[in-house]
Structure formats: C-alpha cells, structure tokens
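Here are a few exercises to work through with the model open in your viewer. Try each task before you read its solution.

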Amino acid sequence: TLILGLFFSGLFLTSCNKEEETKAIITVKYTADTTQVVPYAHVRLEKYDVNVEGQCDEDGVFEHIFKLEAILDVSAWLDTSQTGTTTEKYGETTIRLVPGKTVNKTVFIN
C-alpha cells in the first residue's frame, strides 16, 4: 500500500505541474543613441509558418508567448507616415526561443 500511495501521489503531483512559458521580450532602441528606446515601434517575429506582429508599449517593449522552441527573424520599424516625415527607421535581428525560458532581445533601428 505504501508503494501504491507513492505512485498515486507522484502521478497527481506531476500532472498538476503548469507548463512553463516560452516568452520573447523585444526591446527596440535607436542605433544613434542606444540608451533611448523607441516607443510604439512595430515588431514582427517570423519564420516559415510563424508570423507574429505587434506594437511596442511606451517603453519600447513588445512581449509574446510561444508554444514551441524556434529561431525567428525579428524586424522592427517606426511608422512615420502620420508625422509627415519620410525618414524610414528600420532594424532587424534574430532570436532563439528556449522552451520554458524568457528570452530578451534588443533590436536597433536607424
């Protein structure tokens, strides 16, 4: 009975474990001043059938949770169409997502 009790307690404890998140945190900064973040920059993470696009918050940070490990291309750009300027600001890098980990990556835009 002791062995049976240990088996069931082990079964219930392992089945209640929450699956760990695989999270990407992208920070967008200017190349000219690497201490200055780019608020509300657009970000895209993509490769093959993965295509996630979003916008940074006021601190220049974009976060997304993924289900699987992956190596993704990261693009960031600043939409200047509403300011009337035609200066295009763009940058790119890659990120390797590790299962159960939070991976931080910085993209520098010109």
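**Exercise 1. Find what Thr-27 touches beyond its neighbours within four places in sequence, then decide whether Thr-27 is buried or exposed.**

Step 1: in this predicted model, skip the neighbours within four places; Thr-27 is then in contact with Val-37, Gly-60, Val-61, Lys-105, Thr-106 and Val-107.

Step 2: place the residue, and you'll find Thr-27 in strand β1.

Step 3: check the relative accessible area, which is 17% for Thr-27. Buried means under 20%, so Thr-27 counts as buried.

**Exercise 2. Work out which members of the largest nonpolar core touch the most other members.**

Step 1: the core has 21 residues, and those touching the most other members are Ile-26, Val-28, Val-43, Leu-45, Ile-95 and Ile-109.

Step 2: look at where the core comes from; β1 (22–30), β2 (42–47), β4, β5, β6 (89–97) and β7 (102–109) each give two or more residues to it.

Step 3: zoom in on Ile-95. Neighbours within four places aside, its contacts are Ala-24, Ile-26, Leu-45, Ala-70, Ile-71, Leu-72, Val-74, Val-103 and Lys-105.

As background, nonpolar side chains in soluble globular proteins tend to be buried together.

**Exercise 3. Describe the largest pocket and its lining.**

Step 1: start with the volume of the largest pocket, about 190 Å³.

Step 2: 15 residues line this pocket, and Asp-49, Val-50, Phe-66, Leu-68 and Ala-70 are the closest to its centre.

Step 3: trace the lining to its elements; β3 (50–55), β4 (61–66) and β5 (70–78) each give two or more residues.

Step 4: sort the lining by class, and you get 10 nonpolar, four charged and one polar.

Technical notes: Residues are numbered from 1 along each chain as its sequence is written. This is a predicted model: local features need pLDDT of at least 70, side-chain atom pairs count only at pLDDT 80 or more; totals for chains, interfaces and linings use all residues. Side-chain values use heavy atoms; hydrogens and water are left out. On a 1 Å grid over the protein atoms alone, a cavity is a set of points where a 1.4 Å probe fits but cannot get out, and a pocket is an open set with protein on both sides within 12 Å along at least five of seven lines; lining residues have an atom within 4 Å of a point. Grid points are joined across faces, edges and corners, and a volume is the space filled by probe spheres set on the points. Helices (H or I, at least four residues) and strands (E, at least two) are DSSP runs, numbered from the N terminus. Ala, Val, Leu, Ile, Met, Phe, Trp, Tyr, Cys and Pro count as nonpolar, Asp, Glu, Lys and Arg as charged, and the others, Gly among them, as polar. A nonpolar core is a set of buried Ala, Val, Leu, Ile, Met, Phe, Trp, Tyr and Cys residues joined through side-chain atoms within 4.5 Å. Buried means under 20% relative accessible area, exposed over 50%, partly exposed in between (1.4 Å probe, protein chains only). Contact means heavy atoms within 4.5 Å.
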